[in-house]
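Please read the following report alongside the sequence and the coordinates. It deals with helix packing, charged pairs and two individual residues.

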Amino acid sequence: KKLRHDGEVHHDQLPLALALLGFAVEDAWIQDVYPAITDYSALNLEDFVRFVAAYDARQRQAYEAAFHRCDTDNSGTVEVTELAALLKGFGIEPMSHVLHEVISETDEDGSGALTIDEFEKVLDLLRLREGFT
């Protein structure tokens, strides 16, 4: 019951709705996606589902861009040192053992480096844990 039950999600409620769905909330991404869905101030259920799908695609674009910025050696994977540099850029300075732990949780192929899919999982994990806590 965190959102009104009038059958619509109003534009002002989108950050809360996205947070409740587990997304990283970026106002700029909402502004990028929303006009492509509707010109109105609220979304019906069908439009909300379309909005969430488009927002998810926008988030994945941002993750992919971050991956390529992070992959400084152009290997197609992100190593621990590259990930640490990216996180430091966000103002997060994780302890080495914590960083290795997060990577081991998401490194499905056991290579010690992250593919784009594994990288997205790290970012999702960090967001869900609100950093490294």
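The report below starts with a pair of packed helices, continues with salt bridges, and ends with two single residues.

The structure is a predicted model, and every value given here is computed from it.

**Packing of α2 and α3**

Two packed helices are described by the angle between their axes and the distance between the axes. Helix α2, which covers residues 27-37, packs with α3 at an angle of about 140°, and the axes of the two helices are 9 Å apart. An angle over 145 degrees would count as roughly antiparallel and one of 65 to 115 as roughly perpendicular, and α2 and α3 are therefore oblique to each other. The crossing that α2 and α3 make is right-handed. On the α2 side the residues in contact are Trp29, Ile30, Asp32, Val33, Tyr34, Ala36 and Ile37, and they meet Asp47, Arg50, Phe51, Ala54, Tyr55, Arg58, Gln59 and Ala62 of α3.

**Salt bridges**

Over the whole structure, a search finds 5 salt bridges, and the table sets out some of them with their N to O distances.

| Basic residue | Acidic residue | N to O distance |
|---|---|---|
| Arginine 50 | Aspartate 47 | 2.7 Å |
| Arginine 60 | Glutamate 120 | 2.4 Å |
| Lysine 121 | Glutamate 108 | 2.1 Å |

Aspartate 47 and arginine 50 both belong to helix α3, where they are 3 residues apart, about one turn of the helix. Aspartate 47 has a relative accessibility of 13% and counts as buried, because the limit for that class is under 20%, whereas arginine 50, at 37%, counts as partly exposed. Both residues also appear among the α3 residues that meet α2.

The side chains of arginine 60 and glutamate 120 form a salt bridge at 2.4 Å, N to O. This pair links distant parts of the chain, since arginine 60 lies in helix α3 and glutamate 120 in helix α6 (residues 116-128), 60 residues apart. Arginine 60 is partly exposed, its relative accessible area being 39%, while glutamate 120 is buried, with a value of 10%.

Lysine 121 and glutamate 108 are likewise joined through their side chains, at 2.1 Å from N to O. Lysine 121 is located in helix α6 and glutamate 108 in the loop between α5 (96-106) and α6, so this salt bridge ties together parts that are 13 residues apart in sequence. Lysine 121 counts as partly exposed at 36% relative accessibility, and glutamate 108 is exposed, with a relative accessible area of 60%. Through salt bridges that share partners, Asp56, Arg60 and Glu120 are joined into one network.

**Two individual residues**

Is glutamine 59 buried or exposed? With a relative accessible area of 4%, glutamine 59 is buried, and its place in the chain is helix α3, which covers residues 45-70. The side chain of glutamine 59 reaches the backbone nitrogen of alanine 24 at 3.3 Å, and Gln59 is also one of the α3 residues that meet α2.

Aspartate 12 is found in the loop between β1 (8-10) and α1 (14-20). Aspartate 12 is exposed, its relative accessible area being 72%. Along the chain, aspartate 12 and alanine 42 are 30 residues apart, and their C-alpha atoms are separated by 8.6 Å.

Definitions and conventions. Residues are numbered from 1 along each chain as its sequence is written. This is a predicted model: local features need pLDDT of at least 70, side-chain atom pairs count only at pLDDT 80 or more; totals for chains, interfaces and linings use all residues. Side-chain values use heavy atoms; hydrogens and water are left out. Helices (H or I, at least four residues) and strands (E, at least two) are DSSP runs, numbered from the N terminus. Buried means under 20% relative accessible area, exposed over 50%, partly exposed in between (1.4 Å probe, protein chains only). A polar contact is a pair of N or O atoms within 3.5 Å; within protein, one must be able to donate a hydrogen and the other to accept it, and residues adjacent in sequence count only if both atoms are side-chain atoms. A salt bridge is a side-chain nitrogen of Lys or Arg within 4 Å of a carboxyl oxygen of Asp or Glu. Axes are lines fitted to C-alpha atoms, for helices over the stretch in contact, and angles run from 0 to 180 degrees between N-to-C directions. Angles under 35 degrees count as roughly parallel, over 145 as roughly antiparallel, 65 to 115 as roughly perpendicular and the rest as oblique. A crossing is left-handed if the near helix is turned anticlockwise from the far one by less than a right angle, and right-handed if clockwise. Contact means heavy atoms within 4.5 Å.
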